[in-house]
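Here is a friendly walk through one model. Have the coordinates open as you read, and follow along from one region to the next.

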Amino acid sequence: MTRQATSQGWRFPDLADDSQAAARAFQAACTPDLHLLDGPLLGSGPTARGATLPLEKSFVGLKVAPMHVPPFSLDEQLRQLGDRLDAAVSQVLRSGQYIGGSTIASFEAAFAHACEVPHAIGCNSGTDALILALRGLGIGPGDEVITSSFSFFATAEAISAVGATPVFVDVEAETYLIDPERIPAAITPATRALLPVHLFGRPVDMERILTLAGDHGLLVIEDCAQAAGASWAGRPVGSWGDAGCFSFFPTKNLGAAGDGGAVVCRDADLAQRVRELAVHGMPRRYLHTALGYNSRLDALQAAVLAVKLPHLSDWVERRRAIAATYLRELGDLPGLVLPEAGPAGHSWNQFVVRLAACPVEQPSCQSRCTPSADSATYGLPEACCRDWIKHQLQEAGVSTIIYYPIPIHRQPAYADLGYRSGSLPHTERLCAEVLSLPIFPELTSDQQARVIAVVRQLLGGVSATPADCHATLSIG
Ligand SMILES: Cc1ncc(COP(=O)(O)O)c(C=O)c1O
């Protein structure tokens, strides 16, 4: 059921006039963001705010359900940009030029400019961007590449795909990023490169990474998949290392209408090698100088990305504002560890909180959780409370995601690397504790208020949860 703001408060266009005041009181007492849906409602009881609400007879015929907050949604972005996207896609469709051509070249130029580098090469995905950069830099069998195990699997998978070996260094518990202090101990004569991941949009300290790389004669490849729009010390991520690799997966800060990625770099020779590798190792038609890939960014995706790119910095600003609100409103809850505000250039692709598992002095679940199957199977710290809170949030209409429940070094696919349980303690603990709250530029303040209210009710010791509210008010 829709509601409209008026000078007298909410008005519900679907209700008769004599029901308006009761509906307003009802909505205000329960939570401001409850949605009134069609269906029977025949009961009364305590609301999320603890008030008891007698139901007026005018409410018969209605059912109340909490607002659903998705972890990510494109609805509003499509409403705002839909016409421009349709026009851009239609123009490519009608041009008949789907592979190569000016749409791609002009997006690549615009993206390179945004990253403050001379070269950007579009490709099929963020995974391929990593593979192409590694291959372009000559990394292959016998080489080791140091990276983080607290990342999406593709980070390490790309290293293995070129025949090299990923070497995992633990992350810092506070930043979730590779711990520069631990890198020197992982360097061997076979080490060729450092591959830091700007996880969740938080930039790695690139000055420290470059100093380490310089001291040990290593290459640097930045995994910027989650960090479009982020910067370190005022310079965009991707512009610091020998190469920067971006993903345009739809949930990223700059998302295509499907898969897409890009390698950015300063070196013209590297750019040329990456460009050739992305098209079957082919410097000119039907001459193949290397075994490459079929990994082009197609023109339809480039057209979509070209419409969206000018909005990237505003979207990142909006993500920063949402993160600041979460940090302000959730900072006092026992058992909830918030992410650090981080450097100014954080682009907040995810807002990832931590919930410690039982037993702790004040377990978040108040001992109502059950052991986690993943923890037992993959030799990880217990994730019972995090899983319980995630379930409770879902019941209250707030969808969350766990990035990532199993670290890369404990994945069955990497069993042969021999990393034991406990070998990367911060990474393993994070996998058992992290939970990503909804964050995307179009998240409304009503939706965010709902997330905050539900989290506060669950962790702040308020006895009536929104789920209770929903159940009570829906009784038939
Ligand atoms: C950190 C990281 N690296 C690499 C990738 C791979 O990108 P893609 O899905 O575009 O292949 C992702 C995608 O989620 C990612 O998050």
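Glycine 397 comes after helix H12 and has a positive phi, near 90 degrees. The helix before it, H12, is made of 12 residues. From first C-alpha to last, H12 reaches 17 Å, close to the 16 Å expected at 1.5 Å a residue. Buried residues in H12 include Cys384, Cys385, Trp388 and Ile389, and Arg386 and Asp387 are also among the buried ones. Keep in mind throughout that this is a predicted model.

Further along, the loop between H12 and H13 holds tyrosine 403. Tyrosine 404 lies in that loop too, between helix H12 (384-395) and helix H13 (425-433). The peptide bond that joins tyrosine 403 to tyrosine 404 is cis, with omega near 5 degrees. Is tyrosine 403 buried or exposed? Tyrosine 403 has 20 other C-beta atoms within 10 Å, and the cut-off for a buried residue is 20 or more, so tyrosine 403 counts as buried.

What does tyrosine 403 touch, leaving aside its neighbours within four places in sequence? Its contacts are Gln350, Val352, Val434 and Ser436. Tyrosine 403 and serine 436 are 33 residues apart in sequence, while their C-alpha atoms are 6.9 Å apart in space.

Two of these contact residues, Val352 and Ser436, lead us into a sheet. Valine 352 has serine 436, in E18, as its bridge partner. Strand E17 (residues 351-355) pairs with E18 in the antiparallel sense over 4 bridges. The sheet is open and has 3 strands, in the order E16-E17-E18, with antiparallel pairing. Strand E16 (336-337) and strand E18 (434-437) are at its edges with a single partner strand each, so each has one side without a neighbour in the sheet.

A parallel pairing is found elsewhere: strand E8 (residues 144-148) and E9 are joined over 5 bridges. Isoleucine 146 stands opposite valine 167 in E9. The chain runs from E8 through H5 to E9, a β-α-β crossover that is right-handed. Strand E9 (residues 165-169) is mostly covered, with 4 of its 5 residues buried.

Helix H5 also brings us to the ligand. Which elements give two or more residues to the shell around the ligand? They are helix H4 (126-136) and helix H5 (154-161). The ligand is surrounded by 15 residues, and the closest are Ser125, Gly126, Thr127, Ala225 and Ser247. By type, the shell divides into 5 nonpolar, 8 polar and 2 charged residues.

Finally, here are two residues that have a positive phi although neither is a glycine.

| Residue | Phi | Loop between | Other C-beta atoms within 10 Å |
|---|---|---|---|
| Phenylalanine 200 | about 60 degrees | strand E10 (191-195) and helix H7 (206-216) | 25 C-beta atoms |
| Alanine 233 | about 50 degrees | strand E12 (231-232) and strand E13 (235-236) | 12 C-beta atoms |

The last column places the two in opposite classes: phenylalanine 200 is buried, whereas alanine 233 is exposed.

Notes: Residues are numbered from 1 along each chain as its sequence is written. This is a predicted model: local features need pLDDT of at least 70, side-chain atom pairs count only at pLDDT 80 or more; totals for chains, interfaces and linings use all residues. A residue is near a molecule or strand if its C-beta atom, placed from the backbone, lies within 6 Å of it. Ala, Val, Leu, Ile, Met, Phe, Trp, Tyr, Cys and Pro count as nonpolar, Asp, Glu, Lys and Arg as charged, and the others, Gly among them, as polar. The expected span of a helix is 1.5 Å times one less than its number of residues. Two strands pair if DSSP finds at least two bridges between them. Two residues are in contact if their C-beta atoms, placed from the backbone, lie within 7 Å. A crossover is right-handed if, with the strands pointing away from the viewer, the path from the first strand over the helix to the second runs clockwise.
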